[in-house]
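This report covers a pocket, charged pairs, contacts and backbone geometry in one protein model. The sequence and structure come first.

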Amino acid sequence: MTQLLSLTNVSKSFFDIKKEIKVLDNITFSIENNQIIALLGPSGCGKSTILNIISSLEKPTNGEIKINTKLGYMFQKDALLPWRSVYKNICIGLEINKILTIENKKYVDELIHKYHLLEFKNSFPNQISGGMRQRVALIRTLVLKPDLLLLDEPFSALDAQTKIEVQNDVYNIIKQEKKSALIVTHDISEAIALADKIIILSERPAKIIKTIEIAINNLEPNERRKDVRFINYYDLITKEIKKG
C-alpha cells in the first residue's frame, strides 16, 4: 500500500509571556491509501492541532511530517454560505482556485447526482437538513479531488439519530470514491463505527496511548454496531483510556 502521510516524533507547544503550554508529545503514525484512521481522545487534548499541523495551519515545534498526496480539510461546522445554493456552495473551492472548468463542472454534476442531491441543487442551506448539509460539505471537499480527507469532528453538531445516518453516508462516500481519511473524534462508538484503525490519545499534552486495528472494518458503520465485537472494542478502548 502507498503511504500518503507520516508524522514522526511530532511535538507542539504554544508560548505566551509567562509559560509554555505543551499540546503534543512525540506523535508518530502514518496513513496509507484507502485507509480510515480515527484520532480518539478527550476534548482539548490536541487532536485538532494535529490536523492543523498536517494542513500547514500550524507548524510543529519538533518532529517531521511527510505528505505524499493532496489533502482536503472538512471542518467541524459545515460553513455553508447561506446566500449560495447547494450547487454554488459545492463549487466555491473550484471558483477560489480558478479551476471551475467544464470538466470540473461535469464532476460536480456527477457527485450531486451520485449522492442524491440533484433534487436540492438549487436549494439554500436553510432549506435542507443538518445531515444533508454535511453531505454537501463533504462533496464540496471532494470536488477538489484530494486523496486524503482531514475530518475534524464532522458529526458533532448533529443529533444522535441523524449522526448515525450521516456517519453511514460519509463512510460510504469515502469508500466509493476510494479516498483515505483521518477523522478526529472524542466519541468511542463513532471511532469504532468508521475507522480501520484507532489511535488513542491521552490528555494534554497528547501522547499515543495505544493503536487498535479494527477487524470489522469490512462492514458499514450500521452493520458494525450490530456485531458482537463492537462491544468488545468499546470495552477495550474504555480500559485503555482509563489506564492512560
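A residue is called buried under 20% relative accessible area, exposed over 50%, and partly exposed in between (1.4 Å probe, protein chains only). By this scale Asp227 is buried, at 17% relative accessibility. The model is a predicted one: local features need pLDDT of at least 70, side-chain atom pairs count only at pLDDT 80 or more, and totals for chains, interfaces and linings use all residues. Residues are numbered from 1 along each chain as its sequence is written, and side-chain values use heavy atoms, with hydrogens and water left out.

**Salt bridges**

A salt bridge here is a side-chain nitrogen of Lys or Arg within 4 Å of a carboxyl oxygen of Asp or Glu. Side chains of opposite charge can pair when their charged atoms come close. The structure holds 12 salt bridges, and the table gives three of them with the distance between the closest N and O atoms.

| Basic residue | Acidic residue | Closest N and O atoms |
|---|---|---|
| Arg133 | Asp78 | 2.8 Å |
| Lys197 | Glu213 | 3.8 Å |
| Arg229 | Asp227 | 2.9 Å |

Helices (H or I, at least four residues) and strands (E, at least two) are DSSP runs, numbered from the N terminus. Arg133 forms its salt bridge with Asp78 at 2.8 Å. Because Arg133 lies in helix H5 and Asp78 in the loop between E5 and helix H2 (86-90), this pair ties together parts that are 55 residues apart in sequence. Asp78 is buried, with a relative accessible area of 12%, whereas Arg133 is partly exposed at 22%.

The salt bridge between Glu213 and Lys197 has its closest N and O atoms 3.8 Å apart. This pair links distant parts of the chain, with Glu213 in strand E9 (residues 208-213) and Lys197 in strand E8 (residues 197-201), 16 residues apart. Lys197 counts as buried at 15% relative accessibility.

Asp227 lies in the loop between helix H8 (221-224) and helix H9 (228-243). Its salt-bridge partner Arg229 is partly exposed, at 36% relative accessibility. The side chain of Asp227 also has a polar atom 2.8 Å from the backbone nitrogen of Arg229. Contact means heavy atoms within 4.5 Å; leaving out residues up to four places away in sequence, Asp227 touches Ile216 and Leu219.

**The largest pocket**

On a 1 Å grid over the protein atoms alone, a pocket is an open set of points where a 1.4 Å probe fits, with protein on both sides within 12 Å along at least five of seven lines, and lining residues have an atom within 4 Å of a point. Grid points are joined across faces, edges and corners, and a volume is the space filled by probe spheres set on the points. The largest pocket holds about 350 Å³ of space. It is lined by 18 residues, of which Gly72, Tyr73, Phe75, Thr141 and Leu144 are the closest to its centre. Strand E5 (71-74), helix H3 (92-96) and helix H5 (130-142) are the elements that give two or more residues to this lining. E5 gives the most, with 4 residues.

For the makeup of the lining, Ala, Val, Leu, Ile, Met, Phe, Trp, Tyr, Cys and Pro count as nonpolar, Asp, Glu, Lys and Arg as charged, and the others, Gly among them, as polar. The lining of the largest pocket divides into 11 nonpolar, 5 polar and 2 charged residues.

**Two residues of strand E1**

Ser13 is in strand E1 (residues 3-15) and is buried, at 6% relative accessibility. A polar contact is a pair of N or O atoms within 3.5 Å; within protein, one must be able to donate a hydrogen and the other to accept it, and residues adjacent in sequence count only if both atoms are side-chain atoms. Such a contact, of 2.6 Å, joins the side chains of Ser13 and Glu20. Beyond four places in sequence, Ser13 touches Glu20, Ile21, Lys22, Val23 and Thr61.

Gln3 is also placed in strand E1 but is partly exposed, with a relative accessible area of 36%. Outside its neighbours within four places, Gln3 is in contact with Ser30, Ile31, Glu32 and Asn68. The C-alpha atoms of Gln3 and Ile31 are 5.9 Å apart, with their positions 28 residues apart along the chain.

**Backbone geometry**

Most residues other than glycine have a negative phi, and most peptide bonds are trans. Asn34, in the loop between strand E2 (20-32) and strand E3 (36-40), has a positive phi of about 60 degrees. Ser56 has a positive phi of about 70 degrees and is found in the loop between helix H1 (47-54) and strand E4 (62-67). Asn34 is partly exposed at 39%, while Ser56 is exposed at 62%. A cis peptide bond, with omega about -5 degrees, joins Arg204 and Pro205; Pro205 is in the loop between E8 and E9.
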